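Here are a couple of pocket exercises to work through with the structure open. Try each task before reading its solution.

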Amino acid sequence: MTDRLSELSATGVAIWLDDLSRTRLTTGGLDKLRREKHVAGVTTNPTIFAKALSDADEYNWQLRDLAVRGVEVEEAVRMLTTYDVRWACDVMRPSYDKSAGVDGRVSIEVDPRLAHESERTVAEAKALWWLIDRPNLFIKIPATEAGIPAITATLAEGISVNVTLIFGLDRYSQVMEAFLAGLEQAKANGHDLSKIGSVASFFVSRVDTEVDKRLEKIGSAEAKSLRGKAAIANAQLAYERYSEVFSSDRWKALADAGAHPQRPLWASTSTKNPDYRDVVYVEQLIAPGTVNTMPESVIHAYADHGETQADTVTGAYDAARKVFDELAAAGVDMADVIGVLEREGVEKFEASWLELLDGVRKSLESAAQGAGAPGKAATGNAKAAQQAGGNA
């Protein structure tokens with residue numbers, strides 16, 4: 001039987017899971033994906049945590065203890081989420097060690113309400129870094145205007161960063177500049193560059209969702225023929241910029257000092273349009289030195305019927321530019337598309353964060369009312385945590 005995920009990994013694409021929950025940790029499901037499906041990293045976001053905490057009982061014993069202690073809701077959220085990420089870091093540690101610190105990373109995002117506040121973002125990143133205290137952690141910082149200087153400042157502290165919510169090429173260039181400046185400052189500050197990691201999360205399917213909506217509104221045959229092409233073209237041209245930056249003399253000087261490149265990470269890779277092939281955002285974005293973070297459903301779909309080619313990106317730059325020219329001719333303003341997507345991306349994560357806070361608030365209130373002897377689930381999950389290696 002063909003191991004399609006192994007073939008994909010062999011091309012230089014790191015397979016990461018875009019999900020995390022206490023259930024994955026207590027059941028050993030995450031470790032199974034690492035061992036059997038070549039999963040080499042994990043990404044999280046406020047939406048993922050909001051869903052995880054609303055769906056599972058595994059948090060009940062911890063919520064009860066937090067309620068008895070009278071912990072405020074925002075601190076409770078911090079403790080619950082960092083607990084899971086710390087545990088996941090330990091699960092992924094073999095991948096981190098095997099790859100000399102390149103893979104095996106687990107990401108946690110700063111409070112998205114800080115997306116437009118540089119100084120507070122850096123302070124939050126530092127707090128999460130020392131609170132989780134694992135070398136294979138990534139702190140996710142959004143690529144907003146205020147996020148760019150925060151990325152540099154956080155890297156300068158020796159903290160590894162996953163830059164998230166990148167939609168456009170110009171903003172991506174700013175992200176790479178922020179990365180290089182951050183590493184240069186980290187070196188000047190005496191940090192070991194070989195210990196600092198970073199990825200740049202370039203969002204894919206959301207671009208097609210927004211562009212396709214506009215193409216449908218335009219309604220011409222020429223416009224409709226461009227549906228499903230913008231996102232892949234956008235990502236392919238991002239990789240072209242990545243290749244240029246990371247072959248520069250400036251980068252080579254950092255590489256000589258032990259630095260790892262900031263890999264492009266393809267995010268939002270599940271198709272939103274059922275008419276599209278379910279693994280298209282994996283198959284069409286195969287290139288060396290990239291990460292593709294996928295929901296579990298996409299990982300299994302690729303394992304079942306994904307088609308792996310050696311490289312579907314570097315030979316496609318001219319075709320990608322042609323797609324952009326055709327979109328402009330059809331009346332699609334890509335600069336406006338990118339602006340809308342960035343605003344909506346931050347707003348959606350803020351909404352998920354507020355949902356998370358509200359859910360935990362209600363759970364704390366319920367736990368406080370029913371506080372008593374821990375139940376069977378509490379005891380079982382506490383034991384599972386202890387067996388996981390000191391995650392409590």
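**Exercise 1.** Work out which elements supply at least two residues each to the lining of the second largest pocket, and which one gives the largest share.

*Solution.* Keep in mind that this is a predicted model.

Step 1: list the contributors. For the second largest pocket, α6 (73-91), β3 (105-109), α8 (118-132) and α18 each put at least two residues into the lining.

Step 2: pick the top one. That's α6, whose five residues make up the largest share of this lining.

Step 3: put a volume on it. The second largest pocket holds about 250 Å³ of space. It is lined by 17 residues, and those closest to its centre are Glu74, Arg78, Asp111, Glu124 and Trp353.

Step 4: sort the lining by class. You get eight nonpolar residues, one polar and eight charged.

**Exercise 2.** Now do the job for the largest pocket: find its volume, its central residues and the element that gives the most to its lining.

*Solution.* Step 1: the volume. The space in the largest pocket comes to about 450 Å³.

Step 2: the centre. Out of 29 lining residues, Asp18, Phe203, Arg206, Ser268 and Lys272 sit closest to the centre of the largest pocket.

Step 3: the elements. At least two lining residues apiece come from α4 (46-55), β5 (161-166), β6 (198-203), α11 (205-218), β7 (263-267) and α18 (334-369). With five residues, α18 gives the most to the lining of the largest pocket.

Step 4: the classes. Sorting the lining of the largest pocket gives eight nonpolar, twelve polar and nine charged residues.

How values were computed
Residues numbered from 1 in each chain as written. Predicted model: local features only at pLDDT ≥ 70, side-chain atom pairs only at ≥ 80, totals over all residues. Heavy atoms only, no water. 1 Å grid on protein atoms, 1.4 Å probe; cavity = no way out; pocket = protein on both sides within 12 Å on 5 of 7 lines; lining within 4 Å. Points joined across faces, edges and corners; volume = space filled by probe spheres on them. Helix = DSSP H or I, 4+ residues; strand = E, 2+ residues; numbered from the N terminus. Nonpolar A, V, L, I, M, F, W, Y, C, P; charged D, E, K, R; others polar.
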